[in-house]
Amino acid sequence: MAALKQYSYAEVAKHNTPADLWMVIDDKVYDVTKFQNEHPGGEEVLIEMAGKDATNEFNDVGHSTDAKAQMKQFVVGEIIEAERKKNVSKQDSDSPSSSSGSWFGALKAKLFG
C-alpha cells in the first residue's frame, strides 16, 4: 500500500471553498468537493468546515459504519506527523462536554431546546 501524501494544516486551509473543499478528520485529509450534493446532512455543514479539522464535529454527529466506510474514497492524504492531533481529538471526543462547544451542539440546542 502506497504511503499517503502528507499535508500541513496551512495547505489544507487553502482548500476552503465549495469549488475546492477539503477537511481533516482524525488526521486524514479528505477532498469532499464532489460529495457536497450527496451529503445527507446538507452541503452547508461541509462548507462550514472547509479547510479545517472537522474531527470533533464529525464525531459529534455519530456517523454510521457505512458513512465511515464511504469516506475512504475521498482520502487524499494525511496531516504531517508534527501537526497531528490524534491524541487530543480522541480525548476531546470522549469528553461529555465536547458537543456543547461545537457548531453542531449549538444547532441541536436551537432545534431541540
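What pattern does the chain follow when read along the sequence? In this predicted model, the order of elements is β-α-β-β-β-α-α-α-β-α-α. The chain thus holds six helices and five strands.

Some overall values set the scene. The chain has 113 residues, and 34% of them count as buried. Its accessible surface comes to about 7,100 Å², with 53% of that area belonging to carbon and sulfur atoms. Among contacts between residues at least 6 apart in sequence, 70% join residues at least 24 apart.

The interior may be considered next. In soluble globular proteins, nonpolar side chains tend to be buried together. Here the largest nonpolar core has 13 residues, and the members that touch the most others are Leu21, Met23, Ile25, Tyr30, Val32 and Leu46. Strand β3 (residues 20-25) supplies the largest share of this core, namely three residues. A second, separate core consists of seven residues, including Tyr7, Val12, Trp22 and Val24.

Ile25, one of the well-connected members of the largest core, can be followed outward. Once its neighbours within four places in sequence are left aside, Ile25 is in contact with Tyr30, Ala54, Thr55, Phe58 and Met71.

The aromatic rings give another view of how the chain is held in contact with itself. How many aromatic pairs does the count come to? The count comes to two. One pair is formed by Tyr7 and Trp22, with 5.0 Å centre to centre and 80° between the planes, an edge-to-face arrangement. Tyr7 lies in strand β1 (residues 6-7) and Trp22 in strand β3, so this pair ties together parts that are 15 residues apart in sequence. Tyr7 and Trp22 are both buried, and both are among the residues of the second core.

The other pair, Phe35 with Phe74, is tilted: the centres are 5.2 Å apart and the angle between the planes is 45°. This pair links distant parts of the chain, 39 residues apart. Phe35 sits in the loop between β4 (28-31) and α2 (43-48), while Phe74 sits in the loop between α4 (65-71) and β5 (75-79).

Are these two loop residues, Phe35 and Phe74, buried or exposed? A residue counts as buried when its relative accessible area is under 20%. Phe35 has a relative accessibility of 10% and therefore counts as buried. Phe74, at 15%, also counts as buried.

Methods. Residues numbered from 1 in each chain as written. Heavy atoms only, no water. Helix = DSSP H or I, 4+ residues; strand = E, 2+ residues; numbered from the N terminus. Buried < 20%, exposed > 50% of the residue type's maximum accessible area, 1.4 Å probe, protein only. Contact = heavy atoms within 4.5 Å. Areas by Shrake-Rupley, 256 points an atom, 1.4 Å probe, with all protein chains shown as cover. Core = buried A, V, L, I, M, F, W, Y, C linked by side-chain atoms within 4.5 Å. Phe/Tyr/Trp six-rings, centres within 6.5 Å; stacked < 30°, edge-to-face > 60°.
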